[in-house]
Amino acid sequence: MDGQAHAERLGTAQLGVELGERATLVQFSSAFCQPCRATRRTLAEVAGMVDGVAHVEIDAEAHLTLVRALGISRTPTVLVLDASGRIVRRAVGQPRTVDVVAALGQAM
(Lines give C-alpha, C1' and ligand atoms only; values in the text may rest on other atoms or scores of the structure.)
Protein backbone atom coordinates (compact mmCIF):
# COMPACT_ATOMS: atom_id res chain seq x y z
CA MET A 1 0.00 0.00 0.00
CA ASP A 2 1.59 3.28 -0.94
CA GLY A 3 1.60 6.39 1.20
CA GLN A 4 -0.75 8.35 -1.04
CA ALA A 5 -3.85 6.37 -0.11
CA HIS A 6 -5.97 7.82 2.65
CA ALA A 7 -8.82 5.31 2.72
CA GLU A 8 -7.83 2.07 4.42
CA ARG A 9 -11.24 0.47 3.94
CA LEU A 10 -13.80 0.60 1.17
CA GLY A 11 -17.40 -0.49 1.40
CA THR A 12 -20.76 -0.44 -0.30
CA ALA A 13 -21.04 3.34 0.20
CA GLN A 14 -17.90 4.05 -1.85
CA LEU A 15 -18.18 1.23 -4.38
CA GLY A 16 -21.92 1.19 -4.96
CA VAL A 17 -22.05 -2.60 -4.72
CA GLU A 18 -21.78 -5.25 -2.02
CA LEU A 19 -18.33 -6.53 -1.15
CA GLY A 20 -17.44 -10.13 -1.96
CA GLU A 21 -18.00 -12.59 0.87
CA ARG A 22 -14.26 -13.43 1.05
CA ALA A 23 -12.54 -10.73 -1.04
CA THR A 24 -13.19 -8.03 -3.64
CA LEU A 25 -11.17 -7.07 -6.70
CA VAL A 26 -11.68 -3.36 -7.39
CA GLN A 27 -10.59 -2.15 -10.82
CA PHE A 28 -10.30 1.54 -11.67
CA SER A 29 -10.63 2.03 -15.44
CA SER A 30 -11.05 4.78 -17.98
CA ALA A 31 -12.89 4.82 -21.30
CA PHE A 32 -9.94 4.69 -23.71
CA CYS A 33 -7.66 2.45 -21.64
CA GLN A 34 -6.73 -0.61 -23.72
CA PRO A 35 -5.10 -2.55 -20.83
CA CYS A 36 -8.30 -1.99 -18.81
CA ARG A 37 -10.20 -4.35 -21.12
CA ALA A 38 -7.69 -7.16 -20.64
CA THR A 39 -7.62 -6.45 -16.90
CA ARG A 40 -11.44 -6.70 -16.79
CA ARG A 41 -11.29 -10.13 -18.44
CA THR A 42 -8.54 -11.36 -16.08
CA LEU A 43 -10.28 -10.17 -12.92
CA ALA A 44 -13.69 -11.47 -14.01
CA GLU A 45 -12.12 -14.85 -14.78
CA VAL A 46 -10.42 -15.05 -11.37
CA ALA A 47 -13.59 -13.91 -9.56
CA GLY A 48 -15.49 -16.63 -11.41
CA MET A 49 -12.97 -19.30 -10.33
CA VAL A 50 -12.75 -18.41 -6.63
CA ASP A 51 -15.85 -18.68 -4.44
CA GLY A 52 -16.79 -15.56 -2.50
CA VAL A 53 -14.74 -13.16 -4.63
CA ALA A 54 -16.40 -10.19 -6.34
CA HIS A 55 -15.03 -8.04 -9.18
CA VAL A 56 -16.04 -4.39 -9.29
CA GLU A 57 -15.04 -2.04 -12.10
CA ILE A 58 -15.14 1.69 -11.38
CA ASP A 59 -14.99 4.43 -14.01
CA ALA A 60 -12.18 6.61 -12.67
CA GLU A 61 -13.44 9.72 -14.48
CA ALA A 62 -16.90 9.39 -12.91
CA HIS A 63 -15.52 8.89 -9.37
CA LEU A 64 -12.83 11.57 -9.08
CA THR A 65 -13.31 12.11 -5.33
CA LEU A 66 -12.63 8.43 -4.63
CA VAL A 67 -9.72 8.38 -7.12
CA ARG A 68 -8.12 11.36 -5.37
CA ALA A 69 -8.73 9.91 -1.88
CA LEU A 70 -6.96 6.70 -2.91
CA GLY A 71 -4.13 8.45 -4.76
CA ILE A 72 -4.88 6.66 -8.03
CA SER A 73 -2.95 8.23 -10.90
CA ARG A 74 -3.13 5.61 -13.70
CA THR A 75 -5.58 3.09 -15.10
CA PRO A 76 -5.90 0.26 -14.70
CA THR A 77 -5.29 0.27 -10.96
CA VAL A 78 -6.43 -2.81 -9.05
CA LEU A 79 -7.11 -2.92 -5.33
CA VAL A 80 -7.54 -6.23 -3.53
CA LEU A 81 -9.85 -5.93 -0.53
CA ASP A 82 -10.32 -8.50 2.20
CA ALA A 83 -13.78 -9.49 3.46
CA SER A 84 -14.01 -6.37 5.65
CA GLY A 85 -13.09 -4.02 2.78
CA ARG A 86 -9.52 -3.38 3.96
CA ILE A 87 -7.09 -2.73 1.10
CA VAL A 88 -4.48 -5.48 1.28
CA ARG A 89 -2.82 -5.17 -2.15
CA ARG A 90 -2.56 -2.54 -4.85
CA ALA A 91 -1.25 -2.87 -8.40
CA VAL A 92 -0.96 -0.46 -11.31
CA GLY A 93 -1.10 -1.78 -14.86
CA GLN A 94 -2.41 -5.00 -16.32
CA PRO A 95 -2.02 -7.83 -13.79
CA ARG A 96 -1.20 -11.44 -14.58
CA THR A 97 -3.73 -14.06 -13.48
CA VAL A 98 -1.15 -15.77 -11.27
CA ASP A 99 -0.44 -12.48 -9.45
CA VAL A 100 -4.15 -11.84 -8.86
CA VAL A 101 -4.59 -15.32 -7.42
CA ALA A 102 -1.55 -14.81 -5.16
CA ALA A 103 -2.90 -11.45 -3.95
CA LEU A 104 -6.25 -13.08 -3.17
CA GLY A 105 -4.40 -15.67 -1.12
CA GLN A 106 -3.12 -12.83 1.07
CA ALA A 107 -6.57 -11.28 1.36
CA MET A 108 -8.45 -14.40 2.41
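Which elements make a right-handed β-α-β unit with helix H2 (residues 34–49)? In this predicted model, the partners of H2 are the strands E1 and E2, and the three together form that right-handed unit.

Stepping back to the whole chain, the secondary structure adds up to four helices and four strands. Following the sequence, these come in the order α-β-α-β-α-β-β-α. The radius of gyration works out at 12 Å, close to the 13 Å that the globule rule gives for 108 residues, so the chain is as compact as a globular protein of that length. Taken along the principal axes, the box filled by the C-alpha atoms is roughly 30 × 30 × 25 Å. Some 45% of the 108 residues count as buried. As for the surface, the chain exposes about 5800 Å², with carbon and sulfur atoms supplying 50% of that area. Contacts reach well along the sequence, too: of those with a separation of 6 or more, 70% are between residues 24 or more positions apart.

Strand E1 (residues 23–29) deserves a look of its own. Seven of its seven residues are buried, so E1 is largely enclosed by the rest of the structure. In a regular strand, side chains alternate between the two faces of the sheet. For E1, both of these faces turn out to be covered. On one side sit Ala23, Leu25, Gln27 and Ser29, and on the other Thr24, Val26 and Phe28, all of them buried.

What does E1 pair with? One partner is strand E2 (residues 53–59), which runs parallel to E1 and is joined to it by seven bridges. Within that pairing, alanine 23 stands opposite valine 53 of E2. Another partner is strand E3 (residues 77–82), this time antiparallel and joined to E1 by six bridges. Here phenylalanine 28 has threonine 77 of E3 as its bridge partner. Ala23 and Phe28, then, each have a bridge partner, and both residues are buried.

Back to the helix of the β-α-β unit. Is threonine 42, a residue of H2, buried or exposed? Threonine 42 has a relative accessible area of 11%, and with the cut-off for burial at under 20%, this residue counts as buried. Which residues does threonine 42 contact, once its neighbours within four places in sequence are left aside? The list runs to Pro95, Arg96, Thr97 and Val100.

Note on methods
Residues are numbered from 1 along each chain as its sequence is written. This is a predicted model: local features need pLDDT of at least 70, side-chain atom pairs count only at pLDDT 80 or more; totals for chains, interfaces and linings use all residues. Side-chain values use heavy atoms; hydrogens and water are left out. Buried means under 20% relative accessible area, exposed over 50%, partly exposed in between (1.4 Å probe, protein chains only). Helices (H or I, at least four residues) and strands (E, at least two) are DSSP runs, numbered from the N terminus. Two strands pair if DSSP finds at least two bridges between them. A crossover is right-handed if, with the strands pointing away from the viewer, the path from the first strand over the helix to the second runs clockwise. The radius of gyration is taken over C-alpha atoms; the globule rule is 2.2 Å times the number of residues to the power 0.38. Contact means heavy atoms within 4.5 Å. Accessible areas come from the Shrake-Rupley method with a 1.4 Å probe; for residues, only the protein chains shown count as cover.
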